[in-house]
Amino acid sequence: MKRIVPLENALDETIFGAKAVGLGQAIRDGLPVPPGVALCGSIVEDVASGEASAIKEVVKRVGSLGGRSGGRSSAGDEGGGAGWF
């Protein structure tokens, strides 16, 4: 399982959270959504704990989006602790 996927490839709410999957569905439906990536809960936890390789992986993927970015992390009871940028 990939821990970071483009939003349009976020299909499983239990892995990526409802908000990321909803944004991915909006993209698949042709709605104008800025480019982004979905993070699974385990990589969010690894980043939060300071794991250097996870931080490097997220920075690389978010940096490839270009321009400014924002983030949203769901609470565990909202979206499985996953997030999106």
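Accessible areas here come from the Shrake-Rupley method with a 1.4 Å probe. On that basis the accessible surface of the protein comes to about 5000 Å², and carbon and sulfur atoms account for 56% of it. The model on screen is a predicted one.

**The whole chain**

Begin with the protein in cartoon view, where the secondary structure comes to five helices and four strands. Following the chain from the N terminus, you will pass through the elements in the order β-α-α-β-α-α-β-α-β. If you then colour by accessibility, buried residues make up 31% of the 85 residues in the protein. Of the contacts with a separation of 6 or more, 59% are between residues 24 or more positions apart.

**The nonpolar core**

Next, select Ile-4, Ala-10, Phe-16, Ala-38, Leu-39, Ile-43 and Val-58, which are the residues with the most contacts inside the largest nonpolar core, a set of 15 residues. At least two residues of this core are supplied by each of β1 (4-6), α2 (18-28), β2 (37-39) and α4 (52-63).

**Helix α1 and Thr-14**

Move now to helix α1, which covers residues 13-16 and includes Thr-14. Is Thr-14 buried or exposed? Its relative accessibility is 66%, and the cut-off for exposed is over 50%, so Thr-14 counts as exposed. Show the side chains of Thr-14 and Asp-12 together, and you will find a polar contact between them at 2.5 Å. Then add Cys-40 to the selection: Thr-14 and Cys-40 are 26 residues apart in sequence, while their C-alpha atoms are 8.8 Å apart in space.

**Arg-3 and its partners**

Which residues are linked with Arg-3 in a network of salt bridges? Select Asp-46 and Glu-57 along with Arg-3, and you have the members of that network. In general, side chains of opposite charge can pair when their charged atoms come close. The structure holds two salt bridges, and it is worth visiting them one after the other.

Start with the pair formed by the side chains of Arg-3 and Asp-46, where the distance from N to O is 2.7 Å. Because Arg-3 lies in the segment before β1 and Asp-46 lies in helix α3 (residues 41-48), this pair ties together parts of the chain that are 43 residues apart in sequence.

Turn next to the salt bridge between Arg-3 and Glu-57, whose closest N and O atoms are 3.9 Å apart. Here too distant parts of the chain are linked, since Arg-3 is in the segment before β1 and Glu-57 is in helix α4, 54 residues apart.

With a surface view switched on, consider how each of these residues is covered. Arg-3 is partly exposed, with a relative accessible area of 22%, and Glu-57 is partly exposed as well, at 31%. Asp-46, by contrast, has a relative accessible area of 18%, which means that it falls under the 20% cut-off and is buried.

**Helix α3 and what follows**

Finally, stay with Asp-46 and widen the selection to its helix, α3, in which Gly-41 and Ile-43 are buried along with Asp-46. What do the buried residues of α3 pack against? Display β1, α1, β2 and α4, and you will see the elements against which they pack. The last stop is Gly-50, just after α3, which takes a positive phi of about 85 degrees.

Key: Residues numbered from 1 in each chain as written. Predicted model: local features only at pLDDT ≥ 70, side-chain atom pairs only at ≥ 80, totals over all residues. Heavy atoms only, no water. Buried < 20%, exposed > 50% of the residue type's maximum accessible area, 1.4 Å probe, protein only. Contact = heavy atoms within 4.5 Å. Core = buried A, V, L, I, M, F, W, Y, C linked by side-chain atoms within 4.5 Å. Polar contact = N/O pair within 3.5 Å; in protein donor to acceptor, adjacent residues only side chain to side chain. Salt bridge = Lys/Arg side-chain N within 4 Å of Asp/Glu carboxyl O.
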